[in-house]
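Hi,

Here is the structure I said I would pass on. Have a look at it first, and then read on for what turned up.

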Amino acid sequence: MCKILNVCLFGRLTLVVHPCPDLHVLHISKPSKSLLQIILGDRVAQPTDVQPPHCSVAKATLHGTTGKMSNENTEEAAALQAQIEHLQAEVSALRRQQKDDQKDVTFHFRGQMQNAMLSLCGQRQGDEKVLSMLMEEVEELEEDLKLQTQMNGISLTGCTTKTLQSSGRKLVQQLCVSGHCSELLFQVEFQLSEVNEASGCVRTISELNVVIDAGEMQNFSSFLSGVEESRDLLLFFRTLRSFSDRCDDRRRTFQHFQEKYPAVVSLPAGCRSEVMHLSHPELPGCVLLVHWSVHVSREGGVSPKVELLTKIPERALQLFPSQAVGGAAEAFQSLLRILGAEAALEAVIMAVSLS
């Protein structure tokens, strides 16, 4: 039979005494522990030797929760590390692009212009003369560009450069050049590769793509296919200039005759069209059509072709001999060979105007 002994000394002590030889202490308040050991000696068990059953369960639960949180933290840390690496790679790419842009800015400049551009890009300490140097160089470049435009008739309105590959030996850039020759718009895209070899720098063009005004594509389609295959930019610009000159000749001729003979000559589609109408006010329905086209061969040859077409009603054909009407086109071609385009056209216009 168990006996309960209560001793109060520096706190409350609860002691369970059992008839068995061994004596076990179930609950000992901390202040009374030393006194009990003095009274009972080694027969007193240490409080830490006996633990309630629920302690082990709590420890197991705590251990499982800690392991789960550790796994979640590891996954989150790995995701954050991946984001950091992605941002670092993006920053590195932007820095490389910035260097490429700065190189592109100063790629075609030399001397004072290059120094000024480097100063503006932060690669060289600027001074008070940077702005004046830049303005002077820009004025010189504008004069050079104006002179070149007058010489070759080609005016550039835009140029963009993108570096695709850059190493110590090879440089690959994507260029897009746009402009106009007279009133003919064009855009040229190509890749320019520069390879430094022992003999010097070798430049090659690849991936050439040419786009021009849609109204002239029917004349240029075959030629553009050949140019894109051969990647001959010089041939393209030379042919473009010749084609534009022939179109300007046609425009000036049509405009001249419209101003000189407004009662007879009409241009329904404008002075840059290929067709000019000739008609007399007293002969309604009777129209002569002058078709002036400019053909471009696959090899780049430019040749004008002028034809005279008739549009006469059936009633008028009964009044005129068929031979005279049918032979108008052949007669006009004979005039072209003898007199040239402008003189032959004026002779036909005077005949139509009955002057």
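Let's start with a salt bridge: Asp-249 pairs with Arg-246, and their closest N and O atoms are 3.3 Å apart. Keep in mind throughout that this is a predicted model. Both Asp-249 and Arg-246 sit in helix α6, which covers residues 233–260, and they are three residues apart, about one turn of the helix. That spacing makes sense, because an α-helix has 3.6 residues a turn and residues three or four places apart point the same way. As for surface exposure, Asp-249 is partly exposed at 27% relative accessibility, and Arg-246 is also partly exposed, with a relative accessible area of 29%.

Right beside that pair in the sequence is Asp-248, which forms a salt bridge with Arg-272 at 3.6 Å between the closest N and O atoms. Here the two partners come from distant parts of the chain: Asp-248 belongs to helix α6, while Arg-272 is in the loop between β8 (265–266) and β9 (275–279), 24 residues apart. Asp-248 is buried, its relative accessible area being 11%, whereas Arg-272 is partly exposed at 28%. Through shared partners, salt bridges join Glu-183, Asp-248 and Arg-272 into one network.

A further salt bridge runs between Arg-203 and Glu-194, whose closest N and O atoms are 3.1 Å apart. Are its two ends buried or exposed? Arg-203 counts as exposed because its relative accessibility, 54%, is over 50%. Glu-194 has a relative accessible area of 11%, so it falls under the 20% cut-off and is buried. The total for the structure is nine salt bridges. In general, side chains of opposite charge can pair when their charged atoms come close.

Now for the aromatic rings. How many aromatic pairs does a search of the whole structure find? The search gives seven. In one of them, Phe-236 and Phe-237 have ring centres 5.2 Å apart and planes at 65°, so this pair is edge-to-face. Phe-236 is buried, with 0% relative accessibility, while Phe-237 is partly exposed at 22%. In another, the rings of Phe-254 and Trp-292 have their centres 5.8 Å apart; with their planes at 80°, that pair is edge-to-face too. It links distant parts of the chain, since Phe-254 is in helix α6 and Trp-292 is in strand β10 (residues 287–296), 38 residues apart. Both ends are buried: Phe-254 has 0% relative accessibility, and Trp-292 has 6%. There is also an aromatic cluster made up of Phe-186, Phe-236 and Phe-237.

Two other spots are worth a look. Ile-212 is part of strand β7 (residues 200–212) and is buried at 7% relative accessibility. Its C-alpha is 8.6 Å from that of Val-188, with the two positions 24 residues apart in sequence numbering. The other spot is helix α9, residues 328–339. This helix has 12 residues and reaches 16 Å from its first C-alpha to its last, close to the 16 Å expected at 1.5 Å a residue. After α9 comes Gly-340, which has a positive phi, near 95°.

Stepping back to the whole chain, there are 10 helices and 11 strands. Of its 355 residues, 27% count as buried. The accessible surface comes to about 23700 Å², and carbon and sulfur atoms account for 56% of that. Among contacts between residues at least 6 apart in sequence, 37% join residues at least 24 apart.

Finally, a word on confidence. The chain has a mean pLDDT of 75, and 67% of its residues reach 70 or more. Which stretches should you treat with care? Over residues 1–36 pLDDT stays under 50, and the model has 58 contacts beyond four places in sequence for them. Residues 38–50 also stay under 50, with 18 such contacts. Where pLDDT is low, the predicted coordinates should not be read in detail.

Best wishes

Methods:
Residues are numbered from 1 along each chain as its sequence is written. Side-chain values use heavy atoms; hydrogens and water are left out. Helices (H or I, at least four residues) and strands (E, at least two) are DSSP runs, numbered from the N terminus. The expected span of a helix is 1.5 Å times one less than its number of residues. A salt bridge is a side-chain nitrogen of Lys or Arg within 4 Å of a carboxyl oxygen of Asp or Glu. Buried means under 20% relative accessible area, exposed over 50%, partly exposed in between (1.4 Å probe, protein chains only). Rings of Phe, Tyr and Trp (its six-membered ring) pair if their centres lie within 6.5 Å; planes under 30 degrees apart count as stacked, over 60 as edge-to-face and the rest as tilted. Contact means heavy atoms within 4.5 Å. Accessible areas come from the Shrake-Rupley method with a 1.4 Å probe; for residues, only the protein chains shown count as cover. pLDDT is the predictor's confidence in each residue, from 0 to 100.
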